[in-house]
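Hi,

Here is the structure I promised to pass on. Have a look at it first, and my notes on what turned up are below.

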Amino acid sequence: MKKTLLFTAMTLITIGLLAQEQKEVVTGASYANDVYYSLEDGTITSVDRDNWDIAFVTQVMSVSVLANNGSGVEVYTYPDGSIDDWATLDTTGMDWTPMYNSLETFDMGALNANTIPGDDFDYGWGRYNMTTHMISGDSLFVIKTISGAYKKLAIIEKNPMTNTWQFKYANLDGSDEQTETLEAATYISDYFVHYSLDGNNWLDREPGKNEWDLLFTKFKDYINWPTYSPVTGVLINDDHVLAQEVRESGMDQAAHDTYDEAAFTSNISEIGSDWKKINESFTYDLIDTVVYYLKTVEETDSVYYKIYFTGFSGSMGGGIYTFMQERLTWYTSVENENLNVLQVYPNPASDRINVLFDLVGQADIEIIDMTGRRVYNTRHNAGGFTNYSLDVSSLNPGVFFIRVSADGESNVLRFIKE
């Protein structure tokens, strides 16, 4: 989770069994469109799935660069050199392993996939400079675009101070070289800004990141289907949505109402594609023993939903997803007992950092390195507004994450150890 969440004393309100509503999302023949969906009001934003190749995150403290794997874009790290070998890149005998977007978080795109484990300064496409706080490109990529053309690509830098990106690309022979700059702060309300290498143009194709919860799309499931085409399914908006899958033999999907508050996850592919399976007739059978619980974490409350799928038409049938949706329960904050704030300072830090949050109850505080390894954890009983100080002097210089968890909610923010 990358959004600042609200930690507060909570009151549980239960709405009993609200009416289940049938919903329908249409992605079109051959799944031509991506559909961004809002659980709250059913708002649908439908956009062409095949009009972009790469996408840059807009958030200041993130460095993710996605590839449109669902539409056949493939990214390869040049194994015989670095960004300094731009002019001499040689693809003779090219038999390299493609890199894909993470199945767990949008914060790790395909161009971040070659991050060096244990190297807290490495982001895959570039390295962090402790002195300038710039992330400077060090990798050279070959990318197959939507059209099937092969190009060379390098991310030159990201400047966190101004929230700007710069990158360049060209045909493999060096012709038609283009250098582009993205002022990401202009699009800060969006999650990603997309770019077409074939069309040489930017695409502002997403609704605001707070306006959608689910993305109906195609994506590469390189774990379950490593040698097959991209799968069709649903990804969650890990900026503010948590999900939980429940599978039980003999389940009555309509009546099921039991979830585990501690089992919610920000894994973007928690819903994914395995609620259906293709049969011998090349049509889809739905799995009727699985439901999904969703928790949308907002500024002042958390809303709970249940969904389960009742139909899927497949590519030739118009790419129609049919599902039942039910609003379950929500937490709402106790009036005047909370602050809408969570901060980490100073950032960068050398000896100590301070974590500010407002909570009455028990909080788990963890520090996690860039490989996902937990390097520090403690438990603190808070009595309201809390300024918790941690000694980070023993940590190696680099980028870390601090996670504060309470009552099934968690917030993760980055900090830099000098």
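Before the surface, one term: a nonpolar patch here is built from residues with over 30% relative accessible area and no salt bridge, with nonpolar side chains such as Val, Ile and Met joined within 5 Å. By that rule, Val60, Met61 and Ile188 make a nonpolar surface patch of about 210 Å². Met61 sits in the loop between strand E5 (54–57) and strand E6 (65–67). Its relative accessibility is 36%, so Met61 counts as partly exposed.

Do keep in mind that this is a predicted model, and everything below is computed from it.

**The chain as a whole**

The chain has 28 strands and 0 helices. It runs to 418 residues, of which 52% count as buried. About 17800 Å² of the chain is exposed, with carbon and sulfur atoms supplying 46% of that area. On contacts: if you take those with a separation of 6 or more, 60% are between residues 24 or more positions apart.

**Two cores**

The largest nonpolar core holds 69 residues. The residues with the most contacts inside this core are Trp165, Leu214, Phe216, Ile271, Leu294 and Phe309. Strand E22 (residues 301–312) gives the core its largest share, 5 residues. There is also a second, separate core of 20 residues, and Ala349, Ile353, Ala382 and Phe400 are among its members.

Phe309 is a good place to start browsing. Leaving out residues up to four places away in sequence, Phe309 touches Phe216, Val234, Gln253, Ile271, Trp275, Leu286, Tyr292, Tyr321, Thr322 and Phe323. Two names in that list, Phe216 and Ile271, also appear among the residues with the most contacts inside the largest core.

**Two buried polar residues**

Where does Asp238 lie? Asp238 is in the loop between strand E17 (231–236) and strand E18 (241–247). With a relative accessible area of 1%, Asp238 falls under the 20% cut-off and is therefore buried. What does its side chain pair with? The side chain of Asp238 makes a polar contact with the side chain of Thr105 at 3.0 Å. A polar atom of the Asp238 side chain also lies 3.3 Å from the backbone nitrogen of Phe106.

Gln244 is the other one, and its place is in strand E18. Gln244 counts as buried because its relative accessibility is 5%. Its side chain reaches the backbone oxygen of Asp260 at 2.7 Å. Apart from residues up to four places away in sequence, Gln244 touches Tyr259, Asp260, Ala263, Phe264, Glu270, Val291, Tyr292 and Tyr293. Tyr292 is a neighbour of Gln244 and is also touched by Phe309.

**Salt bridges**

Side chains of opposite charge can pair when their charged atoms come close. Searching the whole structure gives 10 salt bridges, and a few of them are worth opening up.

Arg127 and Asp119 meet through their side chains in a salt bridge, 2.7 Å from N to O. Arg127 is partly exposed, with a relative accessible area of 31%, whereas Asp119 is buried at 17%. Asp122 also forms a salt bridge with Arg127, and here the closest N and O atoms are 4.0 Å apart. Asp122 is buried, with a relative accessible area of 3%. Through the shared partner, Asp119, Asp122 and Arg127 are joined into one network.

Arg49 forms a salt bridge with Asp50, with the closest N and O atoms 3.6 Å apart. Which of the pair is buried, and which partly exposed? Arg49 is buried, with a relative accessible area of 5%, while Asp50 is partly exposed at 37%.

**One last spot**

Val404 is in strand E27 (residues 398–406). Val404 is buried, with a relative accessible area of 2%. Its C-alpha atom is 6.5 Å from that of Ala363, although Val404 and Ala363 are 41 residues apart along the chain.

That's the handover.

Cheers

Conventions: Residues numbered from 1 in each chain as written. Predicted model: local features only at pLDDT ≥ 70, side-chain atom pairs only at ≥ 80, totals over all residues. Heavy atoms only, no water. Core = buried A, V, L, I, M, F, W, Y, C linked by side-chain atoms within 4.5 Å. Buried < 20%, exposed > 50% of the residue type's maximum accessible area, 1.4 Å probe, protein only. Helix = DSSP H or I, 4+ residues; strand = E, 2+ residues; numbered from the N terminus. Contact = heavy atoms within 4.5 Å. Polar contact = N/O pair within 3.5 Å; in protein donor to acceptor, adjacent residues only side chain to side chain. Patch = residues over 30% accessible without salt bridge, like charges linked within 9 Å, V, L, I, M, F, W, Y side chains within 5 Å. Areas by Shrake-Rupley, 256 points an atom, 1.4 Å probe, with all protein chains shown as cover.
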